[in-house]
Amino acid sequence: MAYSFSYIINKAIEGDYQIFLIASICACIFLVIHLISEFVGELILNHSLEILNTLLRDIVAYNIFRDKYDLKIDSGQFLNLSATKINLLERNYFRNTFLLTKSLLGICASFALLIYISWLSLVTVLCFSVFVVVVPMIMTKKNQKAVEVANFENDNFLQHAKDAFNSYWTFWSLNITEKLVDQMTEGSRVLEKKNKDMKNVMSLNKFLNRSVLVFGQVSMVIIFSYYRYLNFLEGTGIIATLNTIGATYVFFGNDSIVAFTKILAHDKVIKQDYKKLAHDDYHKTRIHHIHKIEYKNLAFKYGEENNKSLKNFNLKIREGEKVLVRGESGSGKTMLIKHLFNPVGLDSGTIFLNNILVHNVDLRDKVAFISQDSILNKGSILENINVANQELSQKEIEKYFEMVGLGKFLKELPHGLETQIADNALTLSGGERQRLSIIRSLISNKDWYFVDEIISALDQENAKKVLDIFLKDKHKTVIMVSHKLDGYYLGLFDRIIDL
């Protein structure tokens, strides 16, 4: 293309009008090929970024929401890995990897430029400025729409990411972490597709802008070369060409250096934060029926102050027993109940399951955990409570609502079980959230229940309904943490453990 420009100038100087015209047409053809190639390259880059970013999000999901509950980061770090760092990597690593390659090729190509003329005339610049202004204005609305759609999907993904992080314990305790990973990865795919669409629109905008600018330059080359043919101009071509060769070299050289420094700066992020796990080292032992569980010499730390710990704790629980754990605030009751349910977090201790020594036992097929922190995600009531068992009919589910005192609540919902829960379940009371969490665990149809302060937000009448469900059913084995029980219900426990 650059050779065509120099040829145009030469033939204009020589006065060969026919060759001048042919060279002008060839230069325009080369220019169209160049612009289309650049646009196609942008589309390929956007598609590559979609694949790369989706892979990064998959790695984050699989590394964090593993089947072995071993969460070592907080929600802020999780969101940073899921969103901010990936966006920064796209801008400062992957895009610059492509830009570096392109810049190096541009540096090489600049040496091949023999003549490239760009001569500015006030009238000509004003004429082409109209197009330079109009094209961006036309594309502005399209850009804004694409950005709005992408931002909406980014906000949705951010909400899903928060919900996923907050729900990890619940999903893990129900033995359905794969569903959480599937939700995250599917959300990532939707997000990255919308982001790709936005980038394609912006690439089109860039394509049109560059077309106006470059065609303006080419048109001026042709026009001023024709002026030279008519002897209106003298000696313009060489000066402008040398100037452009220098500008092209500096432009691509600067881009390559900037791109290279950004790649180096973000190389550590990939190495540190996005190492994909080859295998999960948590080998689970499945059991068909639990007759008894015995914990021997358990030890774990709790509380940030004074480095509190519980040592040499022993407990034997037989099928059908009801055990109450109580103690002062900060005595480690909640940590104990969690570690009994999830022995992986213990510092030391031995677990016997049905008289068999088990180091990495998975109790979740037969055991449910109900926390006092009731986590409900954005979505319908039904989607929140049937995550572990989607086989029940609506009538069967409604019976559980009656059992916990939510029958009237369900009937008053505008869309029944399909009623949507607002962000963070702000439209529900603490007692309603707590009982929905209880229903979710009951629907999972387990035999053993580890429950932590499940009546803390309930009034006396509804608290009795919940306690009756767990303490008067001889088929349920219950290990409960609670501090608000009266004499009657205390008498229903086989043992009371004071910490």
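Strands, like helices, are runs assigned by DSSP and numbered from the N terminus; a strand is a run of E with at least two residues. With that in hand, welcome to this predicted model. Its chain has 499 residues, and buried residues make up 46% of them. The secondary structure comes to 13 helices and 11 strands, and strand β1, for example, covers residues 292-301 and includes Asn297.

**The chain as a whole**

- The accessible surface of the chain is about 26100 Å², and carbon and sulfur atoms account for 57% of it.
- Take the contacts in the chain with a separation of 6 or more: 81% of them join residues 24 or more positions apart.

**The nonpolar cores**

- A general idea helps here: in soluble globular proteins, nonpolar side chains tend to be buried together.
- In this model, the largest nonpolar core has 62 residues.
- Which residues have the most contacts inside that core? They are Phe65, Phe78, Tyr295, Leu340, Phe450 and Ile479.
- Apart from this core lies another one, of 39 residues, and among them are Leu376, Leu428, Leu436 and Ile469.
- Tyr295 is a good residue to explore: setting aside neighbours within four places in sequence, Tyr295 is in contact with Phe313, Asn314, Leu315, Ile317, Leu340, Thr350, Ile351, Leu363 and Phe450.
- Two of these partners, Leu340 and Phe450, are also on the list of residues with the most contacts inside the largest core.

**Strand β10 and its partners**

- Strand β10 spans residues 477-481, and 5 of its 5 residues are buried.
- Both faces of β10 are covered, with Thr477, Ile479 and Val481 buried on one side and Val478 and Met480 buried on the other.
- Strand β3 (residues 322-326) pairs with β10 in the parallel sense over 4 bridges, and Leu324 has Met480 in β10 as its bridge partner.
- Strand β9 (residues 448-452) also runs parallel to β10, joined by 5 bridges.
- Which residue of β10 is the bridge partner of Phe450? It is Ile479, and both Phe450 and Ile479 are among the residues with the most contacts in the largest core.

**The open sheet and two asparagines**

- An open sheet of 4 strands has the order β2-β1-β4-β5, and its pairing is antiparallel.
- The edge strands are β2 (309-318) and β5, each of which pairs on one side only.
- Strands β4 and β5 run antiparallel and are joined by 2 bridges; Phe352 has Leu357 as its bridge partner in β5.
- The loop between β4 (348-353) and β5 (356-357) holds Asn355, a residue other than glycine with a positive phi near 70°.
- Is Asn355 buried or exposed? Asn355 is exposed, because its relative accessible area is 57% and exposed means over 50%.
- Asn297, in strand β1, is not a glycine either, yet has a positive phi of about 55°.
- Asn297 counts as partly exposed because its relative accessible area is 42%, which lies between the 20% and 50% cut-offs.

**Helix α2: a surface patch and a buried glutamate**

- Helix α2 covers residues 17-64, and Ile29 is found in it.
- Ile29 helps to make a nonpolar surface patch of about 560 Å², together with Tyr17, Leu21, Ile25, Phe30 and Ile33.
- Ile29 has 45% relative accessibility, so it counts as partly exposed.
- Glu42 lies in helix α2 too, but at 16% relative accessibility Glu42 counts as buried, because buried means under 20%.
- What does Glu42 touch? Leaving aside neighbours within four places in sequence, Glu42 is in contact with Arg95, Ser203 and Lys206.

**Thr177 in helix α5**

- Thr177 is in helix α5, which covers residues 177-229.
- With 5% relative accessibility, Thr177 counts as buried.
- Not counting residues up to four places away in sequence, Thr177 touches Phe65, Arg66, Asp67, Tyr168, Phe171, Trp172 and Arg364.
- One of these, Phe65, is also among the residues with the most contacts in the largest nonpolar core.
- How far apart are Thr177 and Tyr69 in sequence and in space? They are 108 residues apart in sequence and 9.8 Å apart in space, taken C-alpha to C-alpha.

Definitions and conventions:
Residues are numbered from 1 along each chain as its sequence is written. This is a predicted model: local features need pLDDT of at least 70, side-chain atom pairs count only at pLDDT 80 or more; totals for chains, interfaces and linings use all residues. Side-chain values use heavy atoms; hydrogens and water are left out. Patches are made of residues with over 30% relative accessible area and no salt bridge: like charges are joined within 9 Å, nonpolar side chains (Val, Leu, Ile, Met, Phe, Trp, Tyr) within 5 Å. Accessible areas come from the Shrake-Rupley method with a 1.4 Å probe; for residues, only the protein chains shown count as cover. A salt bridge is a side-chain nitrogen of Lys or Arg within 4 Å of a carboxyl oxygen of Asp or Glu. Buried means under 20% relative accessible area, exposed over 50%, partly exposed in between (1.4 Å probe, protein chains only). A nonpolar core is a set of buried Ala, Val, Leu, Ile, Met, Phe, Trp, Tyr and Cys residues joined through side-chain atoms within 4.5 Å. Contact means heavy atoms within 4.5 Å. Two strands pair if DSSP finds at least two bridges between them.
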